[in-house]
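Hi,

Here's the structure I promised to pass along. Have a look at it first, and then read on for my notes.

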Amino acid sequence: MKTNNQQELIEQLNSHRVWIETTGEKGEKLGVDEIDFRHIDLLGYPWIKPI
């Protein structure tokens with residue numbers, strides 16, 4: 001998955017949060033292996049944890 005802009009990424013992060021909260025019944029799981037997070041502020045997304 002390639003994410004082209006920050007707004008699209010925010011929408012995907014919010015959908016992933018819903019996916020987590022509903023145990024996969026709603027929302028969508030976010031695969032992050034192709035996303036460059038270096039310039040994204042993730043402080044509002046505590047469920048994303050660095051490795």
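Below is what turned up when I went through it, from the whole chain down to single residues.

One thing to keep in mind from the start: this is a predicted model.

**The chain as a whole**

The protein chain has one helix and zero strands. It runs to 51 residues, and buried ones make up 14% of them. The accessible surface comes to about 4,200 Å², with 51% of that belonging to carbon and sulfur atoms. As for contacts, take those between residues at least 6 apart in sequence: 51% of them join residues at least 24 apart.

**The helix**

H1 covers residues 6-21. Its length checks out: at 1.5 Å a residue, the 16 residues should span 22 Å, and the end C-alpha atoms are 23 Å apart, so the two agree.

Which residues of H1 are buried? Leu 9, Leu 13 and His 16 are. They cover an arc of only 60° around the axis, so they sit on the same side of H1. That fits the usual geometry: an α-helix has 3.6 residues a turn, so residues three or four places apart point the same way.

Leu 13 is worth a click, with a relative accessible area of 0%. Its C-alpha is 7.0 Å from that of Leu 30, although the two residues are 17 apart along the chain.

**The salt bridge**

You'll find one salt bridge in the structure. It pairs the side chains of Glu 21 and Arg 17, at 3.1 Å from N to O. Both partners belong to H1 and are four residues apart, which is about one turn of the helix.

How exposed are the two partners? Glu 21 has a relative accessible area of 54%, so with the exposed class starting over 50% it counts as exposed. Arg 17 comes in at 27%, which makes it partly exposed, as that class lies between 20% and 50%.

Arg 17 also gives you a distance to a residue beyond the helix: Glu 28 is 11 residues away in sequence, and the C-alpha atoms of the pair are 8.4 Å apart.

**Just after the helix**

Thr 23 is the one I'd look at in a Ramachandran plot. It lies in the segment after H1 and has a positive phi of about 55°. Why point that out? Most residues other than glycine have a negative phi. Thr 23 has a positive one and is not a glycine. At 72% relative accessibility, Thr 23 also counts as exposed.

Lys 26 is in the segment after H1 too. With a relative accessible area of 55%, Lys 26 is exposed. Which residues does Lys 26 touch, leaving aside those up to four places away in sequence? Val 18 and Trp 19. Lys 26 can also be placed relative to His 16: 10 residues separate them in sequence, and their C-alpha atoms are 9.0 Å apart. His 16, as noted above, is one of the buried residues of H1.

**If you only have a minute**

Three things to pull up in your viewer:

- the buried residues Leu 9, Leu 13 and His 16 in H1
- the Glu 21 and Arg 17 salt bridge
- Thr 23 with its positive phi just after H1

Cheers

Terms used
Residues numbered from 1 in each chain as written. Predicted model: local features only at pLDDT ≥ 70, side-chain atom pairs only at ≥ 80, totals over all residues. Heavy atoms only, no water. Salt bridge = Lys/Arg side-chain N within 4 Å of Asp/Glu carboxyl O. Helix = DSSP H or I, 4+ residues; strand = E, 2+ residues; numbered from the N terminus. Buried < 20%, exposed > 50% of the residue type's maximum accessible area, 1.4 Å probe, protein only. Contact = heavy atoms within 4.5 Å. Areas by Shrake-Rupley, 256 points an atom, 1.4 Å probe, with all protein chains shown as cover. Expected span 1.5 Å × (residues − 1). Arc of directions from axis to C-beta.
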